[in-house]
Amino acid sequence: MPPIISVNDLSKTYATGFLALKGIDLDIDKGEIFALLGPNGAGKTTLISIICGIVTATSGSVTVDGHDIIRDYRAARSMIGLVPQELTADMFETVWATVSFSRGLFGLWPNPAYIESVLKKLFLWEKKDDKLMTLSGGMKRRVLIAKALAHEPTILFLDEPTAGVDVELRKDMWQVVRDLRASGVTIILTTHYIHEAEDMADRIGVINKGELILVENKHELMNKLGKKQLTLQLHEAIEAVPPELNGHHLTLANGGSELVYTYDSQGPRTGITHLLTDLAQAGIRFKDLDTTQSSLEDIFVDLVRRDR
């Protein structure tokens with residue numbers, strides 16, 4: 001199946017001379033949740049804005065379900081819903097009028113039943129006659145999603161959708177996202193809450209300094225780059241790692257009362273058996289042990305640090 005979005009050798013240089021994107025190549029599959037991660041200023045919003053037709057690229061091309069975003073702008077844009085970071089609407093308008101107007105912008109006939117279903121899915125139905133200015137931050141975020149869904153897009157971009165949203169509303173919103181994906185909508189999101197990407201995404205892309213430094217299936221990424229650590233709680237604290245254990249590259253923690261061993265769980269041998277034998281020979285006894293694995297946030301921080 002061909003990708004629903006295809007980005008080829010995309011670059012963007014602003015009038016100031018700032019190079020925001022450098023030769024981006026990216027394919028996004030139909031029906032997936034793709035998380036784009038990167039520090040502030042990495043190029044996430046610029047990339048999304050180009051795909052959505054808001055910013056013009058300096059070079060390269062983008063197609064949406066086979067439609068070139070420049071030559072066939074209307075067809076490409078009609079497939080896309082965008083939830084920006086900031087609320088851009090008349091604050092004196094009601095929720096119903098705001099969402100209905102967004103549908104009309106795409107030349108679609110009014111469909112009150114569809115607008116009603118969108119508002120109910122987003123728990124906005126009881127607020128349909130309220131003016132935007134009276135809503136909480138979380139409710140305004142939901143209105144942004146409703147606006148983006150008003151013209152029945154098959155692709156939804158979520159740019160920091162849960163920024164400033166309380167935990168309970170965040171859970172509700174992610175359930176809506178899951179339901180949308182189940183209905184066949186392709187989701188592309190950026191988020192500073194990396195644990196959300198770890199929970200939600202099928203694939204992860206990491207962008208830094210305008211370059212896409214990694215695109216990987218989430219589970220493969222965790223297996224490939226995720227480190228495992230074995231922490232040994234010692235019977236007695238030690239001041240330094242004995243020289244005979246230097247080959248294991250151990251580190252001391254918690255005031256010398258713990259030894260930490262980092263290993264590759266995907267390698268042919270973890271080295272744990274050898275380590276335990278050497279510990280016994282060195283006369284170091286432990287009373288408990290624990291294993292942990294790197295989170296997506298650990299991997300992200302490490303990748304960005306390496307790319308400096």
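Q: What percentage of the 308 residues in the protein is buried?
A: The model is a predicted one. A residue counts as buried when its relative accessible area is under 20%. Of the 308 residues in the protein, the buried share is 43%.

Q: How many helices and how many strands does the secondary structure of the protein come to?
A: Both kinds of element occur in this predicted model. The count of strands is 14, and that of helices is 10.

Q: Among contacts between residues at least 6 apart in sequence, what percentage joins residues at least 24 apart?
A: A contact requires heavy atoms within 4.5 Å. Among the contacts in the protein between residues at least 6 apart in sequence, the share that joins residues at least 24 apart is 69%.

Q: What percentage of the area that the protein exposes is supplied by carbon and sulfur atoms?
A: The protein exposes about 15,900 Å². The part of this area that carbon and sulfur atoms supply is 50%.

Q: Which residue meets E32 in a salt bridge, and how many residues apart in sequence are the parts that the pair ties together?
A: The structure holds six salt bridges. In one of them, the side chain of E32 meets that of R203 at 2.7 Å, N to O. E32 belongs to the loop between β2 and β3, while R203 belongs to strand β9, so the pair ties together parts of the chain that are distant in sequence by 171 residues. The partner is therefore R203, and the separation is 171 residues.

Q: Are E32 and R203 buried or exposed?
A: The limit for a buried residue is a relative accessible area under 20%. E32 has 6% relative accessibility, and R203 has a relative accessible area of 17%. Because each value falls under that limit, E32 and R203 are both classed as buried.

Q: Which residue forms a salt bridge with E152, and in which helix does that residue lie?
A: The closest N and O atoms of the salt bridge formed by E152 and R103 are 2.9 Å apart. E152 lies in the loop between α5 and β7, so its pairing with a helical residue ties together parts that are 49 residues apart in sequence. E152 is partly exposed at 40% relative accessibility, whereas R103 is buried at 7%. The residue is R103, in helix α3.

Q: Of R71 and D68, which is exposed and which is buried?
A: The side chains of R71 and D68 meet in a salt bridge of 3.7 Å, N to O. Exposed means over 50% relative accessible area, and buried means under 20%. With 72% for R71 and 11% for D68, the exposed residue is R71 and the buried residue is D68.

Q: Which two residues form the aromatic pair, and what is the angle between the planes?
A: A search of the whole structure finds one aromatic pair. Its centres are 6.1 Å apart, and it is edge-to-face, a class that requires planes over 60 degrees apart. One partner lies in helix α3 and the other in the loop between α4 and α5, so the pair ties together parts 29 residues apart in sequence. The residues are W96 and W125, with 70° between the planes.

Q: Which charged residue lies over the face of W125?
A: W125 is partly exposed, with a relative accessible area of 25%. At 4.5 Å from the centre of its ring lies K128.

Q: Which ring does the charged end of K12 sit over, and which residue outside the near sequence touches S11, K12 and T13?
A: The charged end of K12 is 5.0 Å from the centre of the ring of Y14. T58, in the loop between α1 and β4, touches S11, K12 and T13, with residues up to four places away in sequence not counted. The ring is that of Y14, and the touching residue is T58.

Q: In which strand does D9 lie, and what is the value of its phi?
A: Most residues other than glycine have a negative phi. D9 has a positive phi and lies in strand β1. Its phi is near 50°.

Q: What area does the nonpolar surface patch that includes F106 have?
A: The patch is made by F101, L105, F106 and L108. F106 lies in the loop between α3 and α4 and is partly exposed at 31% relative accessibility. The area of the patch is about 390 Å².

Terms used:
Residues are numbered from 1 along each chain as its sequence is written. This is a predicted model: local features need pLDDT of at least 70, side-chain atom pairs count only at pLDDT 80 or more; totals for chains, interfaces and linings use all residues. Side-chain values use heavy atoms; hydrogens and water are left out. Helices (H or I, at least four residues) and strands (E, at least two) are DSSP runs, numbered from the N terminus. Patches are made of residues with over 30% relative accessible area and no salt bridge: like charges are joined within 9 Å, nonpolar side chains (Val, Leu, Ile, Met, Phe, Trp, Tyr) within 5 Å. Accessible areas come from the Shrake-Rupley method with a 1.4 Å probe; for residues, only the protein chains shown count as cover. A salt bridge is a side-chain nitrogen of Lys or Arg within 4 Å of a carboxyl oxygen of Asp or Glu. Buried means under 20% relative accessible area, exposed over 50%, partly exposed in between (1.4 Å probe, protein chains only). Rings of Phe, Tyr and Trp (its six-membered ring) pair if their centres lie within 6.5 Å; planes under 30 degrees apart count as stacked, over 60 as edge-to-face and the rest as tilted. A charge sits over a ring if NZ of Lys or CZ of Arg is within 6 Å of the ring centre and within 35 degrees of the ring normal.
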